[in-house]
Each structure stands twice: as C-alpha cells, then as structure tokens.
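Here are my notes for your first look at this entry. Keep the viewer open and check each point as you read.

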Amino acid sequence: MGGEAKHLEIFPMMNQPQSNPDQEDNGKLIATAKAILHNNIQGKFTKPAPKLYPHQWNWDAGFIALGYARSDFRQACNELTALFRGQWANGMVPQIVFSVQNVGKYFPGYYFWETHGVPGKPRNARTSGISMPAVHGFILNRLLQLAPDARAHRPFFQRMFDRIVLLHQYFYNYRDPEREGLAFICHPWESGMDNLPSWEEVFTQIHFEASEVPPYERRDLDHVDAPYRPRKPSYDRFIYLVNRLRQQRYQEPEMWKDYPFQVQEPMFNAILGHSNEALIELGQWLGRDTGQMREWHVQTNKALNSKLWDDTKGIYLSYDRVHQRHIPIATAAGLLPLLCGAPNATQSARMVSLLQSPSFAGTPENPAWLCPSTALDEPGFDPCRYWRGPVWINMNWLMFHGLNRYGHTELAERMRTDSLELVRRFGFWEYYDPRKNLPSSQTPYGYGSNQFSWTAALTLDWLGA
Ligand code: 2M8
C-alpha cells in the first residue's frame with residue numbers, strides 16, 4: 001500500500017477529491033515546502049528559519065518532524081532524538097539546543113544562559129535553561145501512525161516514550177507545586193507565544209531597577225524590521241527574567257520561592273494534556289503501565305475547567321499565580337483546550353461562536369483570516385507585531401485538530417484552507433497579517449522570517465505529503 005493511501009485511512013479529513021483544481025498548485029506548494037525544510041537542515045536537525053533562528057527549538061522540532069514523517073521518516077526521528085539530547089536530568093527539555101556552528105548568530109546564545117556546569121544539564125549538549133510546550137507526546141503518536149514500519153522503529157518509540165514521560169514528570173513535579181494539574185511557565189518564551197499582550201499584564205506587576213537587566217544586544221532586528229518584533233521594554237523584561245534564573249543556577253524548586261513570573265496558561269496545559277492522552281495510547285502499544293498518565297490527564301482537564309475557564313468571556317484565560325489574578329485577555333491560546341478534550345459541549349459551543357464572531361473572524365466589511373493570535377478587539381491587538389495578532393500556522397494546525405475533535409469539521413476545514421491560502425498567496429512566512437482587506441501595497445502580509453520551517457512542515461502534513 002502506498003504512503004498516500006495509508007495516510008488517507010488515518011486522516012480521513014484530509015482526503016482531497018481527485019478533481020481538486022488546486023492539485024497542480026498543491027504540487028508546487030509541496031515541492032517548495034520540501035525544499036525549505038531541506039535548506040534549513042543543519043546536521044541532524046532542522047533550524048526553524050535560515051537566519052533568524054539558527055539553532056534547534058523545542059516545539060518547532062515537533063512540528064518539523066511531521067513535515068518529514070511521510071517522505072523521510074528517519075529525519076523525522078532525528079529531529080526528536082536531537083532535541084532530547086538536550087534533556088536535563090530532572091526531565092526538562094530545553095527551549096533551545098544550540099548548534100556549535102552558529103555561535104554568536106542568535107541572542108541570547110548559549111553563553112548568555114550560563115547553563116554550562118549547572119547540575120543536571122547534559123554535558124554534551126549546549127542548551128538554554130527553560131522549556132516549551134510539551135508537543136512531543138502527540139507528535140510521537142502521529143509518527144507512530146505514519147511510520148512506514150512501526151515495529152522496526154519500536155526501539156525509537158520506546159526510547160522517546162521514556163524521555164517524554166520524564167518530561168511530563170518534570171512539569172507535574174516542578175511546575176505544579178500545589179498539585180493542581182496545571183504546570184506554570186516561568187518565562188514568556190516557555191509559552192512559545194513570546195509576545196502576547198497577556199505577558200504585559202504580568203510585567204506591570206513586576207518591579208525592578210534598570211541595573212538588574214544585564215547589558216545585551218539583540219540580533220533579531222538584524223533580520224526583521226522592528227515593528228514586527230517585540231518592543232524594547234518587553235525584551236528588557238525577557239532578559240531580566242533570564243538573569244534571575246541564571247543567578248539561581250536553575251535550581252528548582254528553590255528558585256521559585258520569590259520568582260515573579262509564574263503563569264498557568266491554557267494552551268501550554270492543553271498541549272500537555274493532549275500529550276498525556278497520546279502517551280496513554282503509546283504506552284498501551286508498548287505494553288507499559290499508563291496509570292500515572294491517566295491521572296495526569298484527568299486532573300489537568302479538570303483544572304483547566306475549574307481554574308482557567310472564564311464563563312463571562314466564554315474562553316480560557318491565563319492565571320498569574322504570583323499575583324493571584326486571571327489575565328483577562330482573549331487569545332487563540334484560550335481556545336486550545338479543545339485539543340485535549342477539556343471543554344464540555346456548552347463550553348465548546350461558546351468557543352466556536354467566539355471564534356466565528358467579530359472578535360476573531362472580523363466583520364463582513366473587515367474580515368479576518370483565521371485565526372488571529374490575539375483577538376481583534378483586544379486593546380493589545382496589533383496585526384503586524386509578533387504574537388500580538390498575526391496568524392500562526394502552528395496555532396491553526398492545533399486548532400484544526402481541536403475543532404475536529406469536537407465535530408466542528410467545517411470550521412476546522414476553514415482553519416486549514418485559510419492557512420493553505422495564506423501560504424499559497426504570500427509564501428512560507430513565520431506569521432501573517434490577519435486582515436483580509438488590505439491593499440497589497442500597504443503591507444507585506446507575511447512577517448518575520450520567510451522560508452519558515454514549521455509553516456513548510458505543517459503545510460506538508462495538511463497536504464498529506
Ligand atoms: C520565537 O521565539 C524565540 C525565542 O524562543 C525568539 O523570538 O527569539 C517564538 O515564536 C517561538 O514560539 C518559536 O519556537 C521560536 C523559533 O521559531 O521563535
């Protein structure tokens with residue numbers, strides 16, 4: 001049986017009719033997407049972008065693995081293997097595993113993080129000192145479904161399963177001190193959605209002297225214009241937090257005692273929850289005891305609802321556990337508990353109507369591509385600035401699966417077609433302007449890095465290539 005036919009069995013949603021007039025166009029998209037991934041390969045792993053991100057990033061590696069799953073399964077496995085070389089003894093998988101070849105090309109680089117010699121950090125990998133969303137469980141499960149010969153790859157799946165369980169143990173042991181079922185993030189970079197207006201709300205509560213921000217020089221602005229990237233005050237705060245962590249030599253749990261940024265975020269926990277479910281399935285296949293994962297899964301879903309659901313807005317919100325307050329900002333991340341099955345039918349219906357409302361979909365006069373990262377009517381919304389409003393393909397991909405899970409297949413399909421249309425019209429950008437009606441002279445539409453790896457990889461996954 002060919003790879004394509006097998007794929008159609010597993011993902012019936014993606015079964016495209018033969019007469020699709022976009023077939024030829026899809027062929028070009030597929031070829032370009034594959035070339036992008038190929039060009040971004042750096043030894044054993046694939047960089048997120050040619051220049052802006054010259055190392056291996058944590059959740060990028062997961063999405064990127066899917067881009068290889070059908071055409072080069074070995075490379076798909078390499079991506080995860082390379083990332084987990086950076087796993088710390090306590091289970092933490094770092095946000096970045098640095099490539100020795102690209103020293104000095106990204107800030108903050110390995111030396112800035114000062115993780116060298118930190119107890120528990122692997123000696124043979126250069127890493128940052130924080131983590132990222134735990135996509136690896138459900139990525140591994142999809143790889144199992146797509147493996148050309150799953151039994152032959154059983155040792156890989158076994159190894160990765162153990163590593164991922166260790167990562168989940170880390171989140172539940174070190175990032176959930178009250179044993180609520182919700183892991184906290186300690187830095188906006190851990191959310192993957194670095195510049196959400198939500199983080200500003202937390203930052204207004206954190207006070208520090210200018211002298212507590214070590215001197216630094218940004219490299220991102222060498223590649224991307226300033227209006228599309230975080231502003232200086234945000235960057236100062238990012239660096240202030242890194243400095244706090246490195247001063248503590250990353251020693252958990254002691255360092256959390258008076259650490260000011262501890263946020264329970266819905267997407268981060270929904271991803272963890274969805275990966276719990278995947279680990280249960282994988283564990284069954286491997287003949288492992290999955291009791292612990294079942295407990296995690298139930299508890300996380302419960303806590304998402306009891307603590308992060310906002311019944312007035314009809315969306316999940318982040319909770320700042322240091323300042324003990326919810327952050328009342330609607331973001332795409334607040335819809336993503338659809339992914340792990342947390343919402344009940346009423347909650348999911350409310351989120352679906354919010355997603356179709358002017359808050360996310362715009363109005364007939366000013367329609368939007370789905371899905372803006374920050375709701376269009378939030379004061380912090382900015383259509384061009386990183387995570388403040390632009391559409392991200394990985395968020396859409398997650399949302400697509402969440403919506404399908406709840407039977408909202410039409411809306412899921414819109415998430416997919418909007419994404420593919422953005423890529424087709426404007427190229428493989430890191431993020432896209434959500435406004436549909438802009439005159440083409442007014443904006444480049446796509447922002448950040450072009451030839452962006454996860455945009456290419458998830459396009460391939462959606463097209464079954
Ligand atoms: C962006 O984050 C990095 C820091 O981790 C940066 O801006 O320098 C985010 O979009 C993040 O989600 C992504 O993983 C990373 C690499 O693509 O870039």
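1. Start at the ligand. A polar side-chain atom of Trp-387 sits 3.1 Å from one of the ligand's oxygen atoms. Bear in mind that this is a predicted model.

2. Stay with Trp-387. It belongs to the loop between α14 and α15. Its phi is positive, about 65 degrees, although it is not a glycine. Is Trp-387 buried or exposed? Its relative accessibility is 1%, so it counts as buried; the cut-off for buried is under 20%.

3. Two further side chains have polar atoms placed by a ligand oxygen. For Gln-95 the distance is 2.9 Å. For Asp-194 it is 2.8 Å. In total, 17 residues surround the ligand. The nearest are Asp-60, Tyr-106, Gly-192, Asp-194 and Tyr-386.

4. Now look for empty space. How many cavities of 30 Å³ or more are there? The count is three. The largest has a volume of about 210 Å³. It is lined by 19 residues, and Tyr-53, Trp-57, Met-132, Asp-194 and Tyr-386 are the closest to its centre. The lining holds 13 nonpolar, two polar and four charged residues.

5. The second largest cavity holds about 60 Å³ of space. Of its 13 lining residues, Ser-198, Pro-266, Ser-318, Ile-329 and Thr-331 are closest to the centre. By class, this lining has eight nonpolar residues, four polar and one charged.

6. Next, helix α15, residues 393–405. Does its length add up, and what should its 13 residues span? At 1.5 Å a residue, the expected span is 18 Å. The end C-alpha atoms are 18 Å apart, which agrees.

7. Twelve of the 13 residues of α15 are buried, so the helix is largely enclosed by the rest of the structure. Among the buried ones are Trp-397, Phe-400 and His-401. Just after α15, Gly-407 has a positive phi of about 80 degrees.

8. Check two cis peptide bonds. One joins Glu-252 and Pro-253, with omega about 0 degrees. Pro-253 is in the loop between α10 and β6. The other runs from Leu-370 to Cys-371, with omega near 0 degrees. Cys-371 lies in the loop between α14 and α15.

9. Finish with Arg-179. This residue is not a glycine, yet its phi is positive, about 55 degrees. Find it in the loop between α7 and β5. At 47% relative accessibility, Arg-179 counts as partly exposed.

Notes: Residues numbered from 1 in each chain as written. Predicted model: local features only at pLDDT ≥ 70, side-chain atom pairs only at ≥ 80, totals over all residues. Heavy atoms only, no water. Helix = DSSP H or I, 4+ residues; strand = E, 2+ residues; numbered from the N terminus. Expected span 1.5 Å × (residues − 1). Buried < 20%, exposed > 50% of the residue type's maximum accessible area, 1.4 Å probe, protein only. 1 Å grid on protein atoms, 1.4 Å probe; cavity = no way out; pocket = protein on both sides within 12 Å on 5 of 7 lines; lining within 4 Å. Points joined across faces, edges and corners; volume = space filled by probe spheres on them. Nonpolar A, V, L, I, M, F, W, Y, C, P; charged D, E, K, R; others polar. Near = heavy atom within 4 Å. Polar contact = N/O pair within 3.5 Å; in protein donor to acceptor, adjacent residues only side chain to side chain.
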